[in-house]
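Me: I would like to go through this structure by question and answer. Please keep the definitions explicit.

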Amino acid sequence: MGLFDLPAPLFNALDAAMASALPPALRLAIWAILGNAEPKSLDGATFVPQEDGSFLVTGKNPRDDRWVVKAKVSMPSIRAIRIEALTHKSMKRNGPGRASNGNLALSDIRVFAKKIGEEGKGKPVKLINPRADHQQNTTNLSIASSIDGDKRKTGWAVDGQIGKDHVCVFEFAE
């Protein structure tokens with residue numbers, strides 16, 4: 001399922017929200033869901049697969065959690081990664097985060113790539129031009145702060161729009 005397979009009202013809402021945040025080349029991009037994604041929490045949370053291809057994080061809710069998501073991708077070219085933070089009735093104030101107020105913090109996002117069959121972690125992919133439909137502020141809780149290398153004091157947060165789905169995009173430098 002890709003972005004264009006979403007129900008029309010949801011697609012239109014996401015498209016409108018992202019129109020001003022994304023460069024023109026990404027506005028027309030076709031997004032693919034990583035159907036074989038293997039998410040893992042290094043600190044005890046549980047990822048529960050959902051029918052729409054997303055994952056609901058449940059169970060342990062440590063103050064700081066580290067996630068690793070592995071996936072094999074057989075596309076000729078990938079130019080960006082899109083992350084959707086979705087609401088759910090099981091979360092405080094419907095989320096999209098698991099904090100006591102429904103907020104989230106995405107910090108220190110990193111992407112590695114390697115050819116299928118290669119050993120090791122892979123080559124780091126430089127993330128550029130971070131965009132989001134909403135960010136809590138333009139400094140330490142901005143979308144840009146999620147790739148600034150600071151694991152503890154900065155990260156993308158969405159307070160001010162709790163209880164709503166949110167989306168962010170990072171382009172690949174090469």
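**Salt bridges, burial and confidence**

Me: Is R63 buried or exposed?

Reply: Buried means under 20% relative accessible area, exposed over 50%, and partly exposed in between (1.4 Å probe, protein chains only). R63 has a relative accessibility of 78%. R63 therefore counts as exposed.

Me: Which residues are joined with R63 into one network by salt bridges that share partners?

Reply: A salt bridge is a side-chain nitrogen of Lys or Arg within 4 Å of a carboxyl oxygen of Asp or Glu. The side chains of R63 and D64 meet this rule at 3.5 Å, N to O. Through shared partners, R63 is joined in one network with D64 and R152.

Me: What is the model's average pLDDT, and how were residues numbered and filtered?

Reply: Residues are numbered from 1 along each chain as its sequence is written, and side-chain values use heavy atoms, without hydrogens and water. The model is predicted, so local features need pLDDT of at least 70 and side-chain atom pairs pLDDT 80 or more, whereas totals for chains, interfaces and linings use all residues. pLDDT is the predictor's confidence in each residue, from 0 to 100. At least 70 is scored by 83% of the residues, and the protein average is 88.

Me: Which element has the lowest mean pLDDT?

Reply: Elements are DSSP runs numbered from the N terminus: helices (H or I, at least four residues) and strands (E, at least two). Strand 3, residues 55–59, has the highest mean, 97. The lowest, 56, belongs to helix 2.

Me: How many residues apart in sequence are the parts that R66 and D43 tie together?

Reply: R66 and D43 form a salt bridge, with the closest N and O atoms 3.0 Å apart. R66 lies in the loop between strand 3 and strand 4 (67–70), and D43 in the loop between strand 1 and strand 2 (45–49), so the pair ties together parts whose separation in sequence is 23 residues.

Me: Which backbone oxygen does the side chain of T154 reach at 3.3 Å?

Reply: T154 is buried, with a relative accessible area of 14%, and lies in the loop between strand 8 (127–132) and strand 9 (166–172). The side chain of T154 reaches the backbone oxygen of D150 at 3.4 Å. At 3.3 Å, the backbone oxygen reached is that of S145.

Me: What is the separation of the C-alpha atoms of A80 and F170?

Reply: A80 is in strand 5 (residues 80–85) and counts as buried at 13% relative accessibility. A80 and F170 are 90 residues apart along the chain, and their C-alpha atoms are separated by 5.5 Å.

Conventions. A polar contact is a pair of N or O atoms within 3.5 Å; within protein, one must be able to donate a hydrogen and the other to accept it, and residues adjacent in sequence count only if both atoms are side-chain atoms.
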